[in-house]
Amino acid sequence: MRIARILTVATLLAGGSAVAKKNDTLELRTSQKTVRASVDAQGLQGPDLKLQLSDNALTGQAFQRPVDLKLSGRHIEGTVGEKPVELTVTARPDVVETMGTFAGQPSSLTLSPDALTGSVGPCGYNLIIERDRRHYRGTRACGDQRENDVLVSIPKSLEKAPATERMAALSVLLSQP
């Protein structure tokens, strides 16, 4: 028992955790569904997302589709569901933008401390930060379906990730109708 307690304390002091904290959860909530994934140093894990994240790749499965994205400098390239992804990432103080093609569709997404707006894949978003500064809330449209009460939560661990990693993960999540 004492050895287990010492190992647990050592793990926590080293910055690790056996279980993801609730606030380390990436979430997309709509009137139709909720998608959650825990975020840690290895990637994003949840019922719909099983993605490994490294300095130069985001790979795995998302919504039962293969994900194979290469991350380099200002570029995200590869495939999602066998459809092409070619995004350019531009990072400015407090604002990150992507422009290009995601899953074969024109995409342009902007993330700032106050808003998450634009389109990725078949879905367009117009979300603003809530007073708690932890959730973006607003509308989205995927094809002909418009939803008025959409919430996105981005954990601190993902907010601090390099811009290409952050936007690759968000794009995979937000592109799902």
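# Salt bridges, burial and the setting of Q176

E27 and R36 are joined through their side chains by a salt bridge, with N and O 3.1 Å apart. That pair is a good way into this predicted model, whose structure holds 9 salt bridges in total. The protein chain around them has 177 residues, of which 41% count as buried. Below you will find the overall picture, then the salt bridges, and finally a visit to Q176.

**The chain as a whole**

- The protein chain contains 3 helices and 14 strands.
- About 9,900 Å² of the protein chain is exposed, and 52% of that area is supplied by carbon and sulfur atoms.
- Taking contacts between residues at least 6 apart in sequence, 30% of them link residues at least 24 apart.

**The pair E27 and R36**

- The two partners sit in different burial classes: E27 is buried because its relative accessibility is 9%, under the 20% cut-off.
- R36 has a relative accessible area of 47%, so this arginine counts as partly exposed.
- As general background, side chains of opposite charge can pair when their charged atoms come close.

**Two further salt bridges**

- E130 pairs with R137, and the closest N and O atoms of this salt bridge lie 2.4 Å apart.
- E130 is partly exposed because its relative accessible area is 23%, while R137 is partly exposed at 28% relative accessibility.
- Salt bridges with shared partners also bring E27, R29 and R36 together in one network.
- E97 and R92 form another salt bridge, where the closest N and O atoms are 2.9 Å apart.
- With 25% relative accessibility, E97 counts as partly exposed, and R92 is partly exposed too, with a relative accessible area of 43%.

**Q176 and its surroundings**

- Q176 belongs to the segment that follows α3, the helix spanning 163-174.
- Q176 has a relative accessibility of 18%, so it counts as buried; the cut-off for that class is under 20%.
- Once neighbours within four places in sequence are set aside, the contacts of Q176 are K33, F63, R65, C123 and R140.

Definitions and conventions
Residues numbered from 1 in each chain as written. Predicted model: local features only at pLDDT ≥ 70, side-chain atom pairs only at ≥ 80, totals over all residues. Heavy atoms only, no water. Helix = DSSP H or I, 4+ residues; strand = E, 2+ residues; numbered from the N terminus. Buried < 20%, exposed > 50% of the residue type's maximum accessible area, 1.4 Å probe, protein only. Contact = heavy atoms within 4.5 Å. Areas by Shrake-Rupley, 256 points an atom, 1.4 Å probe, with all protein chains shown as cover. Salt bridge = Lys/Arg side-chain N within 4 Å of Asp/Glu carboxyl O.
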